[in-house]
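This report covers strand pairing and nonpolar packing in one protein chain. The sequence and model are shown first.

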Amino acid sequence: TLGEKLAAGDAIVLLASSGIHANGVSLARKLAEKIDGGYGAKIDDGSLYGEALLAPTLLYSPVTEALAAAGIVPHNAANVTGQGWRKLMRHPGAFTYRFHTLPPVPPVLRFIQQHAGIDDREAYGNLNKGAGFALYVAAAEAERTVAIARQQGIEAWVAGRVDAGPKQVVIEPLALTFAGDDLHVRA
């Protein structure tokens, strides 16, 4: 069963998001009511806010299918949806999920964070911030996992590792920590 083999020392491979996906839509809608231009406001990459919100969500099943065909069995996997990066510690075990590398943040998510006036803690605690899916794999298979994801057209990074320790997500580049009790979702 997925999750049974998760262990300290596993690598965490993040797969890129294509934008907002399905989390933060209520915030995005409220923001459109407040900003000049609403959905027609231009974001940093020159696209319209409303168009950027409609970017199709990437599907990660081609990556997981290609991994299976290559004989790589992830020890765990997680969608980075509602609860943002806090969702990365949803496994019931007591592990620390330590991140040393952050994916680039899609322009629409930078725009939302800036214009909603939310700090990094709130943004990473509720939005995907460029990471749509996480694969927890044996460290020896991490680089191969990234290569397979890229072959499927999905950007990926070896972004962190699983450590023994208290249940928490530690985002080192931002000096952010989400403790286990920061994750309030149904199992």
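Two strands are said to pair if DSSP finds at least two bridges between them. The model is predicted, and in it isoleucine 171 has leucine 176 of β7 as its bridge partner. Strands β6 and β7 pair in the antiparallel sense, with four bridges. Four residues lie between these strands in the hairpin, where alanine 175 takes a positive phi near 55 degrees.

A second antiparallel pairing joins β2 to β4, again over four bridges. Here asparagine 79 stands opposite phenylalanine 133 in β4.

In a regular strand, side chains alternate between the two faces of the sheet. The table lists the faces of two strands.

| Strand | Residues | Covered face | Uncovered face |
|---|---|---|---|
| β2 | 76–79 | Asn76, Ala78 | Ala77, Asn79 |
| β7 | 176–179 | Leu176, Phe178 | Thr177, Ala179 |

Leu176, the partner of isoleucine 171, is thus listed on the covered face of β7, while Asn79, opposite phenylalanine 133, is on the uncovered face of β2.

Turning to the packing, the largest nonpolar core has 42 residues, and Tyr49, Tyr97 and Ile112 touch the most other members. Helix α4, residues 107–116, gives the most to this core, with four residues. Apart from neighbours within four places in sequence, isoleucine 112 is in contact with Ile20, Leu27, Ala28, Leu31, Tyr49, Leu53, Gly117 and Leu127. A second, separate core of 17 residues includes Val63, Phe133, Val137 and Ala142. Phe133 is also the β4 residue opposite asparagine 79.

Notes: Residues numbered from 1 in each chain as written. Predicted model: local features only at pLDDT ≥ 70, side-chain atom pairs only at ≥ 80, totals over all residues. Heavy atoms only, no water. Buried < 20%, exposed > 50% of the residue type's maximum accessible area, 1.4 Å probe, protein only. Helix = DSSP H or I, 4+ residues; strand = E, 2+ residues; numbered from the N terminus. Core = buried A, V, L, I, M, F, W, Y, C linked by side-chain atoms within 4.5 Å. Contact = heavy atoms within 4.5 Å.
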